[in-house]
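Reader: I have this model open at my bench and would love a close look at a single part of it. Could you pick out the aromatic rings and walk me through what surrounds them?

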Amino acid sequence: MKKSFVCLIISLMLVCTVFTACGSASTKDDQVTGSWELSSIATGASTVTAEKYIESAGLSDTPQVIFKDDGTIEFTGLGKDVDPNGKWTGSDGKYVIDDGSAKLDCTINDDGEMEIVYPKEDSEDLSTDMTMVFKKATEN
């Protein structure tokens, strides 16, 4: 009886170990879903804060990108000229955003900031690539 009890305990410990080992580790993929608020925009050697951009563009809200679990994204606060919907793919901190008009490279840097690069080739208005930096929005 004592031997059976010890075997049962060992078996339960092994089962717990197997289920624990199969759990997912926290990765940058876990970090991407949720709301990201614009922090700054850089083109060439010039960088503008989100506040200055909002003021100069005549926007009323801080632009955000919302990454959803189902692989879709939503842009908010960027004005009426921007399609508010798109899709995202990727993993391990490197992603591609497809907004229907362009495919944008997106990475999460070591500081936890998201950098979205809008290539000059995709815009008549840009002479250099534009990098938009977003920070994870805090939950209320």
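Author: Happy to; what follows starts with the overall layout, moves to the aromatic cluster, and then works outward from there.

Please keep in mind that this is a predicted model. The protein has 140 residues, and buried ones make up 27% of them. Its secondary structure amounts to three helices and nine strands. Reading from the N terminus, the order of elements is α-α-β-β-α-β-β-β-β-β-β-β. The accessible surface is about 9600 Å², with 53% of that belonging to carbon and sulfur atoms. Among contacts with a separation of 6 or more, 41% are between residues 24 or more positions apart.

Now to the rings. Searching the whole structure turns up two aromatic pairs. In one of them, the ring centres of Phe-67 and Trp-88 are 5.6 Å apart and the planes meet at 65 degrees; an angle over 60 counts as edge-to-face, so this pair is edge-to-face. Phe-67 belongs to strand S3 and Trp-88 to strand S5, so the pair ties together parts of the chain that are 21 residues apart in sequence. Trp-88 also pairs with Tyr-95: their centres are 5.5 Å apart and their planes lie at 75 degrees, so this pair is edge-to-face as well. Through these ring pairs, Phe-67, Trp-88 and Tyr-95 are linked into a cluster.

How accessible are the three rings' residues? Phe-67 has a relative accessible area of 2%, so it is buried. Tyr-95 is buried too, at 3%. Trp-88 has 14% relative accessibility, and since buried means under 20%, Trp-88 also counts as buried.

Phe-67 deserves a longer stop. Leaving aside residues up to four places away in sequence, Phe-67 touches Val-32, Thr-33, Gly-34, Trp-36, Thr-72, Ile-73, Trp-88, Ile-97, Cys-106 and Met-114. Phe-67 is also a member of the largest nonpolar core, which has 22 residues. Within that core, Phe-67, Ile-97, Met-114, Ile-116, Met-132 and Phe-134 are the residues that touch the most other members. The elements that contribute two or more residues to this core are S1, strand S3 (64-67), S4, S6, S7, S8 and S9. Two of the residues on that list of most-touching members, Ile-97 and Met-114, are also direct contacts of Phe-67.

The strands around the cluster come next. Strand S5, residues 85-91, is joined to strand S4, residues 72-76, by three bridges, and the two run antiparallel. Here Thr-72, one of the residues that Phe-67 touches, stands opposite Lys-87 in S5. S5 also pairs with strand S6, residues 94-98, in the antiparallel sense and over five bridges. In that pairing, Ser-91 stands opposite Lys-94 in S6. S5 and S6 form a hairpin with two residues between them, and Asp-92 in the turn has a positive phi of about 50 degrees. As background, side chains in a regular strand alternate between the two faces of the sheet.

Moving on to charged residues, the structure contains two salt bridges. In one, Lys-68 pairs with Glu-74, and the closest N and O atoms are 3.2 Å apart. Lys-68 counts as partly exposed, at 33% relative accessibility. Glu-74 is likewise partly exposed, at 26%. The other salt bridge is between Lys-135 and Glu-113, with the closest N and O atoms 3.9 Å apart. This pair links distant parts of the chain, 22 residues apart: Lys-135 is in strand S9 (residues 130-136), while Glu-113 is in the loop between strand S7 (103-108) and strand S8 (114-118). Lys-135 has a relative accessible area of 42% and is partly exposed.

For contrast with the buried rings, have a look at Ala-45, in the loop between strand S1 (34-43) and strand S2 (46-49). Ala-45 is exposed, with a relative accessible area of 87%. The C-alpha atoms of Ala-45 and Thr-128 are separated by 9.7 Å, although these residues are 83 residues apart along the chain.

To return to where we started, the picture to keep on your screen is the cluster in which ring pairs link Phe-67, Trp-88 and Tyr-95.

How values were computed. Residues are numbered from 1 along each chain as its sequence is written. This is a predicted model: local features need pLDDT of at least 70, side-chain atom pairs count only at pLDDT 80 or more; totals for chains, interfaces and linings use all residues. Side-chain values use heavy atoms; hydrogens and water are left out. Two strands pair if DSSP finds at least two bridges between them. Helices (H or I, at least four residues) and strands (E, at least two) are DSSP runs, numbered from the N terminus. A salt bridge is a side-chain nitrogen of Lys or Arg within 4 Å of a carboxyl oxygen of Asp or Glu. Buried means under 20% relative accessible area, exposed over 50%, partly exposed in between (1.4 Å probe, protein chains only). A nonpolar core is a set of buried Ala, Val, Leu, Ile, Met, Phe, Trp, Tyr and Cys residues joined through side-chain atoms within 4.5 Å. Contact means heavy atoms within 4.5 Å. Rings of Phe, Tyr and Trp (its six-membered ring) pair if their centres lie within 6.5 Å; planes under 30 degrees apart count as stacked, over 60 as edge-to-face and the rest as tilted. Accessible areas come from the Shrake-Rupley method with a 1.4 Å probe; for residues, only the protein chains shown count as cover.
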